[in-house]
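Student: I should like to learn how the features of a protein model are read. May we work through one example together?

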Amino acid sequence: GAVWPPVLNHFFEIAGWRATFVGVGLFALVAALPLAFLMRRRAPLPVLTGSIHETRALQASPLGFSPNALTVVLAVAGVACCVAMAMPQVHIVAYCSDLGYGAARGSAMLAVMLGAGVISRLIFGFVSDRIGGIRTLLTGSVLQGIALLLFLPYDGPTSLYIVSALFGLFQGGLVPAYAIIIREYFAPAEAGLRVGIVIMATLFGMALGGWLSGAIFDLTGSYHAAFVNSIAFNVVNLSIALLLLRRAQRGAALLPA
C-alpha cells in the first residue's frame, strides 16, 4: 500500500490507466501464484478448549443472537465501516486534484495512508490480544470516526498529509477485528465460512463506498457531503460495536463466579 500508489501514478501518466491495470494484473498473477504454493501445507487440527456443553452453548446463542443472526450483524457492520473507510482511500487522489494539489501529491498521501495502515494492523493486533475483538472493533470505529471528522475542516496540503497518516493509523484494526470476534464466539469448525462471509461484506462495503462517494460528488460538486456520508456510515458501525459490547458484558455478568 505504501509503495504502489506512486508507482501506479507514474504508469498512469506514461501508459494510461487501462494498460497499467493490465500490467498490475499480470504482475499479481506471476507473483501470487508461486507464493501461494508456499502455503499448501495442511493446517494443524484445532485445539478445542472448554467442555462440550460450553462449546454447544457458544454455538447456539453467541452474544444472545442465533449464529446466522450474529453473522448478519457483523456483515452489516463490515459494510458500514468499509463504506466509511473507502471515502479517503478511494478518493484522496481525486480530492487532491479537486483542491488543486495534483494527482501526484494525492498519490503520495495515499501511500502515507496505506503505509500507516500497516503499522496500524500490527498495533491493533497487539491490542486485540489483550482486550478482545469487540473492544478492538469499538476502538477502531471511534478512532476512524475522529479521523473522518478531521477531513472536514483541514484541507491544506500539510494538514491533509497529517490527517491521512492519522486515518491510516486509526482504521487498520477494524477489518481484522471481525475475524477475531468470529473466532471468539463461533466454533473453529464453522469459523472459516463465517469469516469469509463477513470479509466479503467488507469488500462489498469498500466497493459501495467508493461508488457512493463518487456519486455524491457528481450530485453536489463537492467532497464535503461525501465525507459527511462516510461519517454517517461510521456511526452505524460504531452503534453495532456498542451493541455487541453491551451484550458481551451482559453475558459475562451472567456467568457463574
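**Reading a predicted model**

Tutor: Let us begin with a single residue, Ser-213, which lies in helix H9. Please keep in mind throughout that this is a predicted model.

Student: Is Ser-213 buried or exposed?

Tutor: Ser-213 has a relative accessibility of 1% and therefore counts as buried, since buried means under 20% relative accessible area.

Student: Which residues does Ser-213 touch, not counting residues up to four places away in sequence?

Tutor: With those left out, Ser-213 touches Met-87, His-91 and Ala-226.

Student: May we treat Gln-89 in the same manner? Where does Gln-89 lie?

Tutor: Gln-89 is part of helix H4. Its relative accessible area is 16%, so Gln-89 is buried. Not counting residues up to four places away in sequence, Gln-89 touches Leu-110, Met-113, Leu-114, Phe-167, Gln-171 and Met-206.

Student: How is the packing of two helices described?

Tutor: Two packed helices are described by the angle between their axes and by the distance between the axes. Consider helix H5 (residues 103–131) and helix H7 (residues 157–171): they pack at an angle of about 30°, and their axes are 6 Å apart.

Student: What does that angle say about the directions of H5 and H7?

Tutor: Angles under 35 degrees count as roughly parallel, and H5 and H7 are therefore roughly parallel to each other. The crossing in which H5 passes H7 is right-handed.

Student: Which residues make the contact of H5 and H7?

Tutor: On H5 they include Arg-105, Ala-108, Met-109, Val-112 and Phe-124. On H7 they include Pro-157, Leu-160, Tyr-161, Phe-167 and Gln-171. Sorted by class, the contact of H5 with H7 has 14 nonpolar, 5 polar and 2 charged residues.

Student: How do helix H8 and H9 cross?

Tutor: The axes of helix H8 (residues 174–185) and H9 come within 9 Å and cross at roughly 155°. That makes H8 roughly antiparallel to H9, because angles over 145 degrees count as roughly antiparallel. H8 passes H9 in a right-handed crossing.

Student: Which residues meet in H8 and H9?

Tutor: From H8 come Val-175, Tyr-178, Ala-179, Ile-182 and Arg-183. They meet Pro-188, Ala-191, Arg-194, Val-195, Val-198, Ile-199 and Thr-202 in H9. The residues of this contact of H8 with H9 divide into 9 nonpolar, 1 polar and 2 charged.

Student: How is a pair of aromatic rings described?

Tutor: A pair of aromatic rings is described by the distance of the centres and the angle of the planes. Rings pair if their centres lie within 6.5 Å, and by this rule the count comes to 8 aromatic pairs. One of them is formed by Trp-4 and Phe-27, with 5.6 Å centre to centre and 70° between the planes, which is edge-to-face.

Student: Which parts of the chain does the pair of Trp-4 and Phe-27 link?

Tutor: Trp-4 is in helix H1 (residues 4–15) and Phe-27 in helix H2 (residues 17–36), so the pair links distant parts of the chain, 23 residues apart. Trp-4 counts as partly exposed at 37% relative accessibility, and Phe-27 is partly exposed with a relative accessible area of 48%.

Tutor: A second edge-to-face pair is formed by Tyr-95 and Tyr-223, at 5.5 Å centre to centre and 85° between the planes. Tyr-95 lies in helix H4 (residues 67–99) and Tyr-223 in the loop between helix H9 (188–220) and helix H10 (224–254), so the pair ties together parts that are 128 residues apart in sequence.

Student: Are Tyr-95 and Tyr-223 buried or exposed?

Tutor: Both Tyr-95 and Tyr-223 are buried. They also belong to one aromatic cluster, which is formed by Tyr-95, Phe-151, Phe-167, Phe-217, Tyr-223 and Phe-227.

Student: Finally, what is to be read from the phi of a residue?

Tutor: Most residues other than glycine have a negative phi. Leu-63, however, has a phi near 60°, a positive value in a residue other than glycine. Leu-63 lies in the loop between helix H3 (52–60) and H4, and at 9% relative accessibility Leu-63 counts as buried.

Terms used:
Residues are numbered from 1 along each chain as its sequence is written. This is a predicted model: local features need pLDDT of at least 70, side-chain atom pairs count only at pLDDT 80 or more; totals for chains, interfaces and linings use all residues. Side-chain values use heavy atoms; hydrogens and water are left out. Axes are lines fitted to C-alpha atoms, for helices over the stretch in contact, and angles run from 0 to 180 degrees between N-to-C directions. Helices (H or I, at least four residues) and strands (E, at least two) are DSSP runs, numbered from the N terminus. Angles under 35 degrees count as roughly parallel, over 145 as roughly antiparallel, 65 to 115 as roughly perpendicular and the rest as oblique. A crossing is left-handed if the near helix is turned anticlockwise from the far one by less than a right angle, and right-handed if clockwise. Contact means heavy atoms within 4.5 Å. Ala, Val, Leu, Ile, Met, Phe, Trp, Tyr, Cys and Pro count as nonpolar, Asp, Glu, Lys and Arg as charged, and the others, Gly among them, as polar. Rings of Phe, Tyr and Trp (its six-membered ring) pair if their centres lie within 6.5 Å; planes under 30 degrees apart count as stacked, over 60 as edge-to-face and the rest as tilted. Buried means under 20% relative accessible area, exposed over 50%, partly exposed in between (1.4 Å probe, protein chains only).
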